[in-house]
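Colleague: Could you pick one spot in this model, zoom in on it, and then work outwards from there? I'd like the details of a single place rather than a quick tour.

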Amino acid sequence: MKKTLVLGLLALSLSGMAQIYKGEKCKISFFSETKLENIDATNTVTKPVFNAKTGDFAVQAQQNAFVFKSAFMQEHYNENYIESEKFPYATFKGKVKEAFDFTKDGTYNVTLEGTLDMHGVVVPRTITGTIIVSGGNITMDSKFDVKVADHKIKVPSLYVEKIAEVIQVTFHTEMVVLKK
């Protein structure tokens with residue numbers, strides 16, 4: 001599925017001499033804060049793809065690649081909440097709404113409109129962030145919230161006080177031009 005998404009995006013985007021970028025480094029982390037316990041995890045194996053000409057952007061995070069401080073938390077996340085075997089990926093596909101010259105160095109505030117598919121539920125999303133263009137490379141950063149209920153992730157009543165209703169997600173990627 002991951003290869004299908006990336007190859008599909010590339011096939012659509014390579015027409016018309018598009019400038020395609022691929023994430024060389026990527027870090028997606030999330031944080032759940034409650035009175036009883038804080039939970040955080042990080043995924044560093046994701047490779048987003050961005051078409052600078054069309055603004056198309058896609059990222060697919062393998063759910064079982066999120067690493068927790070506690071193996072117990074990681075097991076519960078994958079088995080009881082996100083159900084990684086049934087829903088192995090969280091995927092965002094969207095488009096940067098602002099048009100600007102990606103060949104000129106600078107920092108740009110951006111808005112991505114698209115869909116977040118997580119736990120088998122697709123939700124329309126508008127995400128704000130920044131793009132930094134420097135020396136032909138792109139860095140993207142964003143911080144946004146995800147409501148657990150929006151993706152029908154069930155939290156057992158025993159753990160409802162330990163898991164926040166809204167999870168804070170932080171996204172960072174350093175992208176380079178994809179060589180044709």
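Modeller: Helices and strands here are DSSP runs, numbered from the N terminus, with a helix needing at least four residues and a strand at least two. Keep in mind that this is a predicted model. With that naming, the spot I'd zoom in on is Arg125, which sits in strand β8, residues 121-134.

What makes Arg125 worth a look is its lack of a salt bridge despite being buried. The nearest side chain of opposite charge belongs to Asp150, 5.9 Å away. A salt bridge here needs a side-chain nitrogen of Lys or Arg within 4 Å of a carboxyl oxygen of Asp or Glu, so this pair doesn't make the cut.

So what does Arg125 touch, leaving aside residues up to four places away in sequence? There's a run from Leu112 through Glu113, Gly114 and Thr115 to Leu116, then Phe144, Asp145 and Val146, and also Phe92.

Take Glu113 from that list, since Glu113 has a partner elsewhere. Its side chain meets that of Lys97 in a salt bridge, at 4.0 Å from N to O. Glu113 is in strand β7 while Lys97 is in the loop between β6 and β7, so this bridge ties together parts 16 residues apart in sequence. Glu113 is partly exposed at 39% relative accessible area, and Lys97 is partly exposed too, at 45%. Set that beside Arg125, which is buried and has no salt bridge.

Lys97 also leads us to Thr111, another residue of strand β7. Thr111 has a relative accessibility of 18%, which makes it buried because the cut-off is under 20%. Its contacts, again skipping residues up to four places away in sequence, are Lys95, Val96, Lys97 and Glu98, plus Thr126, Ile127 and Thr128.

Lys95 in that set has a salt bridge of its own, with Asp56, where the closest N and O atoms are 3.3 Å apart. Asp56 belongs to strand β4 (residues 56-62) and Lys95 to strand β6 (residues 89-96), so the two ends come from parts 39 residues apart in sequence. Both are partly exposed: Asp56 at 22% and Lys95 at 32%.

How many salt bridges does the model have? The count is three, and the remaining one pairs the side chains of Lys69 and Asp40, at 3.6 Å from N to O. Lys69 is in the loop between β5 (67-68) and α2 (71-81), and Asp40 is in strand β2 (residues 38-43), so the pair links parts 29 residues apart in sequence. Here the two ends fall into separate classes: Lys69 is exposed at 75% relative accessible area, whereas Asp40 is partly exposed at 27%.

Back to Arg125's contacts, this time by way of Phe92. Phe92 is part of an aromatic cluster that also holds Tyr21, Phe50, Phe57, Phe100, Phe102, Tyr108 and Phe171. Across the whole structure there are 12 aromatic pairs. One of them is Phe30 with Phe66: the ring centres are 5.3 Å apart and the planes meet at 55°, so that pair counts as tilted. Phe30 is in strand β1 (residues 20-33) and Phe66 in the loop between β4 and β5, so the pair ties together parts 36 residues apart in sequence. Phe30 is buried at 12% relative accessibility, as is Phe66 at 5%.

Phe50 from that cluster turns up again in the largest nonpolar core. That core has 42 residues, and Phe50, Ile131 and Ile138 touch the most other members. Strand β7 (residues 106-118) gives the largest share, five residues. Ile131 touches Phe100, Phe102 and Tyr108, among others, once residues up to four places away are set aside. As a rule, nonpolar side chains in soluble globular proteins tend to be buried together.

For the wider frame, the chain runs α-β-β-β-β-β-α-β-β-β-β-β, which comes to two helices and 10 strands. Of its 180 residues, 44% are buried. Looking at contacts between residues at least 6 apart in sequence, 62% join residues at least 24 apart. The accessible surface is about 10300 Å², with 56% of it belonging to carbon and sulfur atoms.

Definitions and conventions:
Residues numbered from 1 in each chain as written. Predicted model: local features only at pLDDT ≥ 70, side-chain atom pairs only at ≥ 80, totals over all residues. Heavy atoms only, no water. Core = buried A, V, L, I, M, F, W, Y, C linked by side-chain atoms within 4.5 Å. Buried < 20%, exposed > 50% of the residue type's maximum accessible area, 1.4 Å probe, protein only. Contact = heavy atoms within 4.5 Å. Lys, Arg positive; Asp, Glu negative; His and termini not counted. Phe/Tyr/Trp six-rings, centres within 6.5 Å; stacked < 30°, edge-to-face > 60°. Areas by Shrake-Rupley, 256 points an atom, 1.4 Å probe, with all protein chains shown as cover.
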